[in-house]
Amino acid sequence: MKHTRSLFSGLVASAVALAMVSTLAAQTVEGVAKVVRVKGPARYSTGGNVWQPLHSGMVLRPGTTVQTGTEEGSYVDLVLGGANAPVPQPVVYRPYIPDSMATMAYQPSAEQNVVRVWQNSALGIDKLTSMRTGADVVSETQLDLKMGRITGNVKKMTAASKYEVKLPNGVAGVRGTLYDISAEGVVKVFVGSMVLAWVDPKSGNVTTQVIMGGQQYDARTGQITPVSATEMGAFENIGLAMRVVTTPTPITLANNLAVTPISPVGFSGTGPLPEPVFTFGF
């Protein structure tokens, strides 16, 4: 009997220890947003209607609101979820890709979740969390588009992860996609899909609409139409411009345009060489 009690006590202690380890392993981590590009005037606030100038390289925590100026062409790019994203070079040259091959060549999968806040827009960063559950990472992103327009490039997520954009009259759920959405309820999807739940401000009725890649939806009219070929091409260019790449050190062109080759970092000698990227150092 005494031996049985000791064995039972040992099993209970092991179970408690295992539960504690599992709890620690599944601990929720709060992420941040890093400012990687700023063009034109922009500011941020953490509350109390107190605003500060926004600059590239800043790290913003949930509870922050970012606002861009009315100047034409202004925008801010944010990497969501981590503070270690590199600040990209301002000008990057890529080999020419014919228009007929552009859509096939473009790979929409993102290394980072990046969102571009366009001119005269205000975006609240409400929640950025992640939790490792076994082999998977469950993330939760909640943004609040108070006014204006944003474009987002979302990396592939696990099934339990969430990425939501709140609007003044609705909320959009995003699944691994390149999207564009305005506070007025106009949604465009290049690849992937979105689900928009929209509350009519007059009747209070709720409408739910799935928007697939290549479609646009205007919640105000309830119309869903194809995205034009011109806009699809513009979408592709924006998606490429927004990417924050953490690949090997590029080949740098100095002011005299002399090429200085640099061996790719981390190349094991097997498989194809990484795609070359050229940066102009003007």
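How many aromatic pairs does the count come to? In this predicted model, the count comes to three. One of them brings together Tyr 163 and Tyr 179, whose rings meet edge-to-face, with 6.1 Å from centre to centre and 75° between the planes. This pair links distant parts of the chain: Tyr 163 belongs to strand β13 (residues 162-167) and Tyr 179 to strand β14 (residues 170-182), and 16 residues separate the two. Both tyrosines, Tyr 163 and Tyr 179, are buried.

A wider view of the chain helps to place such details. The protein chain has 282 residues, and buried residues make up 34% of them. Its secondary structure consists of three helices and 21 strands. Among contacts between residues at least 6 apart in sequence, 57% join residues that are at least 24 apart. The accessible surface of the chain comes to about 16,000 Å², and carbon and sulfur atoms account for 58% of that surface.

Confidence is worth a look before going further. The mean pLDDT of the chain is 76, with 67% of the residues at 70 or more. Among the elements, strand β6 (residues 64-68) has the highest mean pLDDT, 98, while strand β21 (residues 278-280) has the lowest, 35. Two stretches deserve a cautious reading. Over residues 85-109 the pLDDT stays under 50, and the model has 37 contacts beyond four places in sequence for this stretch. The pLDDT is also below 50 over residues 247-282, a stretch with 43 contacts in the model beyond near neighbours in sequence.

Strand β10 offers a good place to see how strands pair. Which strands, then, pair with β10 in the antiparallel sense? Strand β1 (residues 29-30) pairs with β10 (residues 122-133) over two bridges, in the antiparallel sense. Here the bridge partner of Val 29 is Ser 130 in β10. Strand β6 also runs antiparallel to β10, and four bridges join them. In this case Gln 67 has Ala 122 of β10 as its bridge partner. Strand β11 (residues 136-147) is likewise antiparallel to β10, and these two strands pair over 11 bridges. Ala 122 appears again in this pairing, standing opposite Met 147 in β11. The strands β10 and β11 form a hairpin with two residues between them, and in the turn Gly 134 has a positive phi of about 70°. In a regular strand, the side chains alternate between the two faces of the sheet.

Another hairpin is made by β15 and β16, with six residues between the strands; here Gly 204 takes a positive phi near 80°. Strand β15 (residues 186-199) pairs with strand β16 (residues 206-212) in the antiparallel sense over seven bridges. As one example, Gln 209 in β16 is the bridge partner of Leu 196.

The surroundings of Tyr 75 bring a charge and aromatic rings into the picture. Tyr 75 lies in strand β7 (residues 75-80). Is Tyr 75 buried or exposed? Tyr 75 counts as buried because its relative accessible area is 18%, and the cut-off for buried is under 20%. The charged end of Arg 116 sits over the ring of Tyr 75, 3.8 Å from the ring centre. This charged end of Arg 116 also sits over the ring of Trp 118, at 5.3 Å from the centre of that ring. Tyr 75 and Trp 118 are 43 residues apart in sequence, yet their C-alpha atoms are 4.5 Å apart in space. Leaving aside neighbours within four places in sequence, Tyr 75 is in contact with Arg 116, Val 117 and Trp 118, as well as with Arg 37, Val 38, Lys 39 and Thr 68.

A residue in a loop rounds off the tour. Val 227 is found in the loop between β18 (223-226) and α3 (229-242). Why does Val 227 count as buried? Val 227 counts as buried because its relative accessibility is 8%, and buried means under 20%. Apart from neighbours within four places in sequence, the contacts of Val 227 are Val 189, Gly 214, Gln 215, Gln 216 and Met 232. One of these contacts, Gly 214, is 13 residues from Val 227 along the chain, with 5.3 Å between the C-alpha atoms of the two residues.

Conventions: Residues are numbered from 1 along each chain as its sequence is written. Side-chain values use heavy atoms; hydrogens and water are left out. pLDDT is the predictor's confidence in each residue, from 0 to 100. Contact means heavy atoms within 4.5 Å. Buried means under 20% relative accessible area, exposed over 50%, partly exposed in between (1.4 Å probe, protein chains only). Accessible areas come from the Shrake-Rupley method with a 1.4 Å probe; for residues, only the protein chains shown count as cover. Rings of Phe, Tyr and Trp (its six-membered ring) pair if their centres lie within 6.5 Å; planes under 30 degrees apart count as stacked, over 60 as edge-to-face and the rest as tilted. A charge sits over a ring if NZ of Lys or CZ of Arg is within 6 Å of the ring centre and within 35 degrees of the ring normal. Two strands pair if DSSP finds at least two bridges between them.
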